[in-house]
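Biologist: I would like to learn how to read a model like this one, feature by feature. Could you take me through it slowly?

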Amino acid sequence: MAALKRLIQEYKELTLNPPEGIVAGPKSDNNFFEWEALITGPEDSPFDGGVFAAELVFPQDYPLNPPKMKFISEIFHPNVYLDGRVCISILHTPGDDPLGYETAAERWSPVQSIEKILLSVVSMLAEPNDESGANVDASKMWRENRDQFNKIAAGLVKKSLGLT
Amino acid sequence: MDTLPLPSLQMYTVFSGLGLFYAVAYVLTASDSNFVNALWDDAWCATAVVNFVCCLFFQLMSFLHKSVFGTLRSTEKRHLQDKFWNFVFYKFIFIFGVLNIQEIREMLVWCSWFALIGCFLLTSQLCKDRFLYLSFSPSTPSSSHAKMIMFLSCILVSCAGLFMVCAIIGWQFGFNYFAFVFSEIYVLFTLTLLTLIRQIIHLWDMHHEGLWENRNVYTYYAEFVLEISSLSVQFFHHLHMLLFANMFLSVASLILLMKLRFLYQEIQHKLKRHHNYVMVKHTLERSFNLVGPNELRHIQETCAICWEKMNTARQLPCGHVFHFGCLRSWLEQDPVCPTCRQTLDTSLQRNSREPTTGDQRSGVRTRRRRNWLLYFNGASIASWLPTFSLELHQPPPHHHNTFNADMDREVNHVHTMFPDVPVNAIIVDLANTHSVSQTVDNILSGLVPSRTSNQNTTEDHQDDVTPATSTSDIDEATVRQRDTGGKNEEKEREEENGKGAQSSDFSSTDVPSFQTRKQELINAARKKYLQKHSHLKQC
């Protein structure tokens, strides 16, 4: 059970030195393999100021395989599937490449960590990769109608804070 | 599965009891010879008696489960049910398809034997599921582990007894029956032993700092030997059944063949994986330097894969160092340096592309197992492998039902969003609007009088919790209410986290709990958002 020990270590690290705007931890003490994370939308991005909740589910052989990540809060983003699953290269094992655009160097390896994943998600929020069409509508709107996209994002930010 | 009209254990007990009652009554009234002989002579009475004995077995098992494990979680229940019906299905095939038993008393003997073995198997399966669940958390009380170990040891001891019985059967009835009985016990034995070994290693691991470097090797070989031997025994068992039945064109033989095919694939997969393991290990030992503790102190202290301290390590050509075991398990999967992704020795290339971890495969299989049609394709084997389908969600905390509590919660809700607005103003507005969002809109549009906000940005969370303001009755009352609300919330959270929740390594330090930190983040973001937007409006 190397996985549990490493998850404990990471939780400790994330609690004692949390990155700006990110809170993450196990949903309950009974299960360290399911986490919840809150991610603040980066400044000067369409999602500026929003707090988006996501859940991470770790495989039993973590860190050999990456966790699965899914937004619980509603989000409209080129790299997030409609059901909330996040499509970024760090969450893919070297073997699978669903959309065929990433180089192996960006993918999962056991030296990555939860913190790095969450930081990648923050930068994904700031700079969507419109080549990967996890959400085709969002991709298209991001490319062709940025104002509309920003408007939707601003609505989601408000919603994520529970202010609607 | 749930749609099938299967009787519950209670119903079964009631009917078995009735059956026994009638059998006894019948024998007592009908004959005046020796009671026991008469009972055994009449086929139906004998069936009723044996059935009742089996029922007692299951009741006893169920009682033991309840007393040792408490209430079972839904996944465990489902696994038990699956396993049980699967077992019944295969034994039915065995009795009527393979042995082709005509004599009812012979069948009864087999039935009681299978009831006994079945009880042990189900218990072992439950231990395995429960251990998996316990191993997800660092804060499991050691008493639950102790109980499990005791239980598993009991099963192991019983296994020894069963092996003796098996030897006697072999002596009396010949090799065929010995082989049939032996394979059953052996499967039970390996399942139990494997769970026990895993648990002991887990316990050892959790109570020791650092990594036991050879641990991986021991665990791996223990698992490999036990799993392969169990699979081979089952393979030969099924082959034996097929040959024994001596009729190749029947439904039973078809099912046996399917199972054989499955077992064969499973063994093949295990051997392939082992081959890969040995190869990676040899390559590692041959081509990468061993680094001792002295040198390690200069390079790096912890292994980047498991984050534990390193005493000895292997160095890759690119200069990065890792634990031998950690490196090995990664290279089995992908032969590149985890840190810089430099491709390594070509002899490691390939052969490793296919999934090497049993977990992924079993994940697929457990999903399939829910389908009753594909069911008999070997669920008894799949249950060996770790499962992913554990549902560990706690039920959501109960919501308050009364209006007052609701109102209080809403007031709290709004107040945490807008700490500037006095609580009584929120209450008045909420009483009018009956809706949080409406009140929020009113506040946002300035309809609700807010305290002129000139607090500095460093205002912290404390202010939200205890607004140090007016001493009006309403205000005080709500503050009190809110305090109790907070306590309730805390209690709920504690319940959610289980009794041993406080034993996370650093809960003693001053770091606020995860829930608090989450709330703080949201509050801060809300405050920032509102400030920004009110600023925009003014512009």
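Biologist: What are the helix and strand contents of residues 303–341 of chain B, and how far apart are the end C-alpha atoms?

Modeller: Bear in mind that this is a predicted model. Over residues 303–341 of chain B the chain is 26% helix and 13% strand, with 16 Å between the end C-alpha atoms. The UniProt record, an unreviewed entry, gives this stretch the feature "domain: RING-type".

Biologist: Which residues of chain B does UniProt list under "transmembrane region", and what do such spans look like in the model?

Modeller: The unreviewed entry lists several, including residues 84–101 and 177–197 of chain B. In the model, residues 177–197 of chain B are 100% helix and 0% strand, and their end C-alpha atoms are 30 Å apart. Residues 84–101 of chain B, by comparison, are 83% helix and 0% strand, with the end C-alpha atoms 22 Å apart.

Biologist: How should I read the length of a helix such as H3 of chain B, and what span is expected for it?

Modeller: The expected span is 1.5 Å times one less than the number of residues, and this can be set beside the distance in the model. Helix H3 of chain B, residues 43–69, has 27 residues and reaches 38 Å from its first C-alpha to its last, which is close to the 39 Å expected. After H3(B) comes Gly70(B), whose phi is positive, near 75 degrees.

Biologist: Which residues of H3(B) are buried, and what covers them?

Modeller: A residue counts as buried when its relative accessible area is under 20%. The buried residues of H3(B) include Cys45(B), Cys54(B), Cys55(B), Phe58(B), His65(B) and Phe69(B), and their cover includes H1, H2, H4, H5 and H6 of chain B.

Biologist: Where, then, is there a nonpolar patch on the surface?

Modeller: Met11(B), Val14(B), Phe15(B), Leu18(B), Phe21(B) and Tyr22(B) form one, with about 660 Å² of accessible area together. Leu18(B) belongs to helix H1 of chain B, residues 9–30. A patch residue must have over 30% relative accessible area, and Leu18(B), which is partly exposed, has 40%.

Biologist: Which backbone angles should catch my eye, and why?

Modeller: Most residues other than glycine have a negative phi, and most peptide bonds are trans, so exceptions deserve a look. Asn100(B), in the loop between H4 and H5 of chain B, is not a glycine, yet has a positive phi of about 50 degrees; Asn100(B) is partly exposed, at 42% relative accessible area. Asp44(A), likewise not a glycine, has a positive phi of about 60 degrees. The loop between strands S2 and S3 of chain A holds Asp44(A), which is exposed, with a relative accessible area of 76%.

Biologist: Where in chain A does Pro63(A) lie, and is the peptide bond before it cis or trans?

Modeller: The bond from Tyr62(A) to Pro63(A) is cis, with omega near 5 degrees, and Pro63(A) sits in the loop between strands S3 (51–57) and S4 (68–71) of chain A.

Biologist: How many helices and strands does each chain have, and what share of its residues is buried?

Modeller: Chain A has four helices and four strands, which run α-β-β-β-β-α-α-α from the N terminus, and 62% of its 164 residues are buried. Chain B has 19 helices and three strands, and 44% of its 539 residues count as buried.

Conventions. Residues numbered from 1 in each chain as written. Chains lettered and ligands numbered in written order. Predicted model: local features only at pLDDT ≥ 70, side-chain atom pairs only at ≥ 80, totals over all residues. Heavy atoms only, no water. Patch = residues over 30% accessible without salt bridge, like charges linked within 9 Å, V, L, I, M, F, W, Y side chains within 5 Å. Areas by Shrake-Rupley, 256 points an atom, 1.4 Å probe, with all protein chains shown as cover. Salt bridge = Lys/Arg side-chain N within 4 Å of Asp/Glu carboxyl O. Helix = DSSP H or I, 4+ residues; strand = E, 2+ residues; numbered from the N terminus. Buried < 20%, exposed > 50% of the residue type's maximum accessible area, 1.4 Å probe, protein only. UniProt positions renumbered as here; feature names shortened; annotations may be inferred. Contact = heavy atoms within 4.5 Å.
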